[in-house]
Amino acid sequence: EPGAHVPALVIGTGYGGSVAALRLAQAGVDVHMVEMGMAWDTPGSDGKIFANTTSPDYRSYWLRTRTKQPLSNFLGFPIDKDVPRYTGILDAEEMGGIIVYQGRGVGGGSLVNGGMAVTPRRENFGAVLPSVNADEMYSVYYPRANSGLGVGTVDLTWFETADCYQYARVGRKHAQRSGFPFVFVPDVYDWDYMEQEAAGTVPKSALAGEILYGNNYGKKSLQKTYLARATTTGRVSISPLHKVTSVAPATGGRYTVVIDRLDTGGNTTATKTVTADRVFFAAGSVGTSKLLVQLKATGALPGLNSEVGKGWGDNGNVMCGRANHLWDPTGAVQSSIPCSGIDNWAAGGAFAEVAPLPTGIETFASFYLSITKNPNRAQFSWNASAGKAELNWQTAWKQPSIDMAKTIFDKINAKEGTIYRTDLFGAYKIWGDHLTYHPLGGAVLNKATDNYGRLHGHPGLYVIDGALIPGNTSVNPFVTITALAERNIEKIIAADL
Ligand code: FAD
């Protein structure tokens, strides 16, 4: 309600926000969560909540009139199409030199992502979060996060014969013949459900190509895990289609939070002001960073330090496809949930997911999303005349990622006598180097905040999402975002409340 007061206000309902809400509520604190995206709890006219990847519609994109698919082309033909402008689930946010894909709605990135739930190798953790005690993370917070998220692994016997993982078995064969370690990757998808999909006994999701625009079944998104537990405490309320535009000090150590109510066309239909004792920034790396640089530059939060906006990275994401021989088909039906990867991190700085290309037809393509040790970091700054935050990432900064991914795929191509696909990202373009799924940083732990996410200069303000992580996690990021949030909120509840 406008003018209301809340003890804790959480901006965003992704991983960091959901952990904060659950743990604060369990500690007896009333929490209000503000989410700019939709609730995603009501079926459309086709009876389904989410649209399929093969037929994107009004539900698929955040306020776009044309789709912006990560793979823009297939067999050389552009595949993007017009859609009605709507507060859809996937934001393809164009930030100068990079398109940053993000989930929009209650559950944040968990709505759109592949659910790959990977804990970094222990020996790499020091480079991921240098100021965090690794012993504590690996003994307490990573296990807590994995359990809270419902992480599991594909049944290895079933994997060997499942048609939908032929692409992964081909990926394994090619990796191992070139001497690369092949690893199974855990996921939050319900593996028993997927086996039932394959058996034809339940409605299909992973085996119907659902991903990117939501999964109607099977995936344990935050709606089904942390947020479900948070709301059953009775202490957590959520306002979807509400966007925070300002946070500023009020009297009594409180903060005034300004919130726009949106309609499904993205128009502001009302502006509300509430006060909060504590505000948790959990709007995602990009959302939190944009808000903080704006609030610092416009004088709303003058105490923020000069680290705000800095240390942003793309987790080294780069995509590519390989064209297989006709005797190496990858399967017409591919599970949209990846279950494996090629680990060349130590030797070549790349960890490649063996990814699906769920087109419904045989493509003879192997497709990969690589996470690489790209050292480049960008910065958000406030452009006062344009009235928006900007990111100075340059497209050419992806070159180290391409070089690292090539340590794997040049070798596999040489061994197999195969070539890269040139038809997936535009004419003769081999590398998907225009995007990231894994934005990280912008309000880095122990720099823009203290070592637990408390923003410098304004007691009662916290960052608790991917903005804390300085640009790279060496694997897919959400388990690390969740585990760090578990660590930080435990300290904040014990020391600050
Ligand atoms: P988010 O999950 O991004 O949540 C932030 C929320 O805040 C969003 O719901 C947003 O709408 C909301 N918000 C933003 N600004 C405001 C505002 N001003 N007011 C109100 N609300 C606001 N990671 C993995 O680990 N494994 C994977 O398999 C994987 N696959 C991915 C596939 C895709 C297509 C994408 C896009 C991402 C994938 N990721 C994956 C990345 C993962 O989803 C993100 O790292 C993760 O969601 C980030 O968590 P977060 O808590 O920082 O923020």
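Two strands count as paired if DSSP finds at least two bridges between them. The legends below describe a predicted model.

**View 1. Strand β1 and its two partner strands.**
Strand β1 covers residues 5-11, and 5 of these 7 residues are buried, so the strand is mostly covered. In strand β2, H32 is the bridge partner of L9. From β1 the chain passes through helix α1 (residues 15-26) to reach β2, a β-α-β crossover that is right-handed. The pairing of β1 with β2 (residues 31-34) is parallel and rests on 4 bridges. Strand β11 (residues 268-281) also runs parallel to β1, and 6 bridges join the two. Within that pair, I11 of β1 stands opposite F281 of β11.

**View 2. The shell around the ligand.**
The ligand is surrounded by 39 residues, of which G12, G14, G108, G109 and G287 are the closest. Two or more residues of this shell come from each of α1, β6 (99-103), β9 (242-249), α8 (284-297) and α11 (478-496). Helix α8 gives the most, with 4 residues. Sorted by class, the shell holds 16 nonpolar, 19 polar and 4 charged residues.

**View 3. Helix α8, from end to end.**
Helix α8 has 14 residues, which at 1.5 Å a residue should span 20 Å; the C-alpha atoms at its ends are 20 Å apart, so the expected and modelled spans agree. The helix is mostly covered, with 13 of its 14 residues buried. Just after α8 comes G299, whose phi is positive, at about 85 degrees. Helix α8 is also the element that gives the most residues to the shell around the ligand.

**View 4. An open sheet of 3 strands.**
The strands of this open sheet follow the order β5-β6-β19, and their pairing is mixed. Strands β5 (90-94) and β19 (435-436) stand at the edges; each has a single partner strand, so one side of each is left without a neighbour in the sheet. Strands β6 and β19 run parallel and are joined by 2 bridges. One residue pair to look for here is V100 with T436, its bridge partner in β19. Strand β6 is also among the elements that give two or more residues to the shell around the ligand.

**View 5. L212 in a loop between two helices.**
L212 is found in the loop that lies between α6 (191-199) and α7 (226-232). With 25 other C-beta atoms within 10 Å, L212 reaches the cut-off of 20 or more and therefore counts as buried. Leaving aside residues up to four places away in sequence, L212 touches T53, L90 and V112. In sequence L212 and Q102 are 110 residues apart, while in space their C-alpha atoms are 9.5 Å apart.

**View 6. E390 in strand β17.**
E390 has its place in strand β17, which covers residues 388-391. E390 counts as partly exposed because it has 17 C-beta neighbours inside 10 Å, a count that lies between the limit of 12 or fewer for exposed and that of 20 or more for buried. Apart from residues up to four places away in sequence, E390 touches G96, F380, S381 and N383. Along the chain E390 and D187 are 203 residues apart, and a distance of 33 Å separates their C-alpha atoms.

Note on methods: Residues numbered from 1 in each chain as written. Predicted model: local features only at pLDDT ≥ 70, side-chain atom pairs only at ≥ 80, totals over all residues. Right-handed = clockwise from strand over helix to strand, strands pointing away. Near = placed C-beta within 6 Å. Nonpolar A, V, L, I, M, F, W, Y, C, P; charged D, E, K, R; others polar. Contact = placed C-beta atoms within 7 Å. Expected span 1.5 Å × (residues − 1).
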